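Visitor: Please show me the structure, and then I will ask about its strands, loops and backbone.

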Amino acid sequence: MTRLARNPVLPGCHPDPSICRVGADYYLITSTFEYFPGLPIHHSRDLVHWRLIGHVLDRAGQLPLDGVRPSGGLFAPTLRHDRGVSYVVCTLLDGARESGNFVVTAPHPTGPWSDPVWLDDAPGIDPSLFFDDDGRAWFVGNRPILGAELAGRTEIWMREFDPARLRLTGPEYVLFSGALVDAKWAEGPHLFRLGGYYYLLLAEGGTEQNHAVTVARSEQVTGPYRNNPGNPVLTHRHLGRAQPVIGTGHADLVQTPGGDWYAVLLALRPYGGHFCNLGRETFLASVIWEDGWPIVNPGAGRLLAEFPAPLPPHPWPPEPPADDFDAAALAPVWNMLRTPREEIFSLTDRPGHLRLRLRPEVITEACNPSFVGRRQQHMSFVARTAMDFEPAAAGECAGLVLLRDTGHQIRLVVTAAGTPEGESGGKIVRAIVRRGGSDEIVAEAALTAGRTYLAAEAVGQEYTLRWAQDPARWQKLATVDGRLLSPAEVGDFTGAYLGMYASGNGQSSASVADFDWFEYSGRE
């Protein structure tokens, strides 16, 4: 009986996947943009079941995300392992301190990872590394074509890479500028060698509806690269917008020990209309070679929701739905926004709780607020938490946030109930919807002193906010249209996140919010 696996293999915001194999183990990395820690590493032994084992950039000194705009930051990493060393190359876009392409190394994909070495002579984005059989290594990237008549015209370029000194060397080569006439956004390049040819795999068309996977090949690593007459080898753009999976592209390849080939790539799953709250997710597809060219999902030519499992199954123990914050460190599922330059949380001040400090920073600005969150990974889910928080001044707040970016959020927070004189008069729970940078209070209810339970439940695009002070008596506060959490069509690269938040709203404060536990579970 054929065992079936399901796509996506990494649900939620896991875009731009890159994969490598070390022995019988597979490691995968994805983009993280403005979130810290950056560049998660997932581990699998069957290409279907993945577990998050850590991040490449997990120290504040490694990753200057200060002030990075939403959907800026870390773009399109590539993960490779050669001769006992693991490498990641990536782009930091719009950094206030450093920007550009960099490389980090480790003895193994499990780490520990070095500080970045910046490649000042490597323009453009989406870097990749290729280690040839002759011992030479090559850096590949993309950049705009100078003087191009059409916007979005880019080219794939290459220089030799010195693994010992972590720098580029030798002459530069322009390899390709896209498979189609006037192709836009030729990007995400990866090089492979097979059967006497070098293959250049890339994305083009932009990471939205017209995204596609294309390929060219050459007998010499430096070119010339000839276009595959069957391009694109994978796209969903010809299927139209009303599809369960759209925006397929940005692929990387891996070969199993048995010689089979597979591709990991990104795609989106719209729901409730053309809305993709989960962002760009990681999918898996099989690859065969015919007449010296790759065929993706032969016989189908598109991504499949269910497909034959590529290898004997190796599931990991399931993650518990609730985090009780009893561990000595935060679980790797949790992220912050931008680089934390001061302590925003503690797991030791009150053991068994995540304590968030109320700081002046607010989540509506491109800063490092007191926020600890995780990806939304299901179209329908429930998230709950138990919080101890007594606001000491007007403006202080703490609670749950669901966010797309600084301008689009749903906040369910406990805050001070103001008096006509501006003084605190107890506390309330408040539902706030932020669209296009403007806040709207949609509902609120009075609270008494003591613990507050908060919940966000999604059924498709209907998000219901609930609260309780007795966990046996939940009360509905508001129902909100979740479409505001969907990425915009162009230039909005992150999916929805949700988590715990606290702020003094511009004022310094000695107040804290203690979260006893946080539970997230999908309901698909």
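Visitor: In what order do the strands of the open sheet of 4 strands stand?
Guide: The model is a predicted one. In this open sheet the pairing is antiparallel. The order of its strands is E20-E21-E22-E23.

Visitor: Which strands stand at the edges of that sheet?
Guide: An edge strand here has a single partner strand, so one side of it is left without a neighbour in the sheet. That applies to the strand at 246–255 and to the strand at 293–296. These are E20 and E23.

Visitor: By what angle are neighbouring strands of this sheet turned against each other on average?
Guide: The angle is taken with direction ignored, so the antiparallel sense of the pairing does not enter. The average for neighbouring strands is 35°.

Visitor: Which residue is the bridge partner of Leu-266 in E22?
Guide: Strand E21 covers residues 261–268 and strand E22 covers residues 281–290. The two pair in the antiparallel sense over 7 bridges. For Leu-266, the bridge partner in E22 is Thr-282.

Visitor: How many residues of strand E31 are buried?
Guide: Strand E31 spans residues 397–405. A residue counts as buried when its relative accessible area is under 20%. The strand is largely enclosed by the rest of the structure, because the buried residues number 9 of the 9.

Visitor: How many residues lie between E31 and E32 in their hairpin?
Guide: Strand E32, residues 408–418, pairs with E31 in the antiparallel sense over 8 bridges. One of the bridge partners is Leu-412 in E32, which is matched to Leu-400. The hairpin formed by E31 and E32 has between them 2 residues.

Visitor: Which residue in E38 is the bridge partner of Leu-402?
Guide: E31 is also joined to strand E38, residues 497–503, by 7 bridges. These two strands run antiparallel. In E38, Leu-402 has as its bridge partner Leu-498.

Visitor: What is the distance from Glu-34 to the nearest side chain of opposite charge?
Guide: Glu-34 sits in the loop between strand E3 (25–29) and strand E4 (35–36), and is buried. Its contacts beyond four places in sequence include Leu-65, Arg-69, Met-336 and Arg-338. A salt bridge requires a side-chain nitrogen of Lys or Arg within 4 Å of a carboxyl oxygen. Glu-34 has no salt bridge, and the nearest side chain of opposite charge, Arg-338, is at 4.6 Å.

Visitor: Is Phe-33 buried or exposed?
Guide: Phe-33 is found in the loop between E3 and E4. It has a positive phi of about 60° although it is not a glycine. Its relative accessibility is 1%, so Phe-33 counts as buried.

Visitor: What is the relative accessible area of Asp-126?
Guide: Most residues other than glycine have a negative phi. Asp-126 has a positive phi, near 55°, and lies in strand E11, residues 125–131. Asp-126 is buried, and its relative accessible area is 5%.

Visitor: What is the omega of the cis peptide bond from Gly-111 to Pro-112?
Guide: Most peptide bonds are trans. Pro-112 is in the loop between strand E9 (100–106) and strand E10 (117–118). The bond from Gly-111 to Pro-112 is cis, with omega near 0°.

Visitor: Where is Pro-232 found?
Guide: The peptide bond from Asn-231 to Pro-232 is cis, with omega near -5°. Pro-232 is in the loop between strand E18 (226–227) and strand E19 (234–235).

Key
Residues numbered from 1 in each chain as written. Predicted model: local features only at pLDDT ≥ 70, side-chain atom pairs only at ≥ 80, totals over all residues. Heavy atoms only, no water. Pairing = 2+ DSSP bridges. Axes fitted to C-alpha atoms, helices over the stretch in contact; angles between N-to-C directions. Buried < 20%, exposed > 50% of the residue type's maximum accessible area, 1.4 Å probe, protein only. Lys, Arg positive; Asp, Glu negative; His and termini not counted. Contact = heavy atoms within 4.5 Å.
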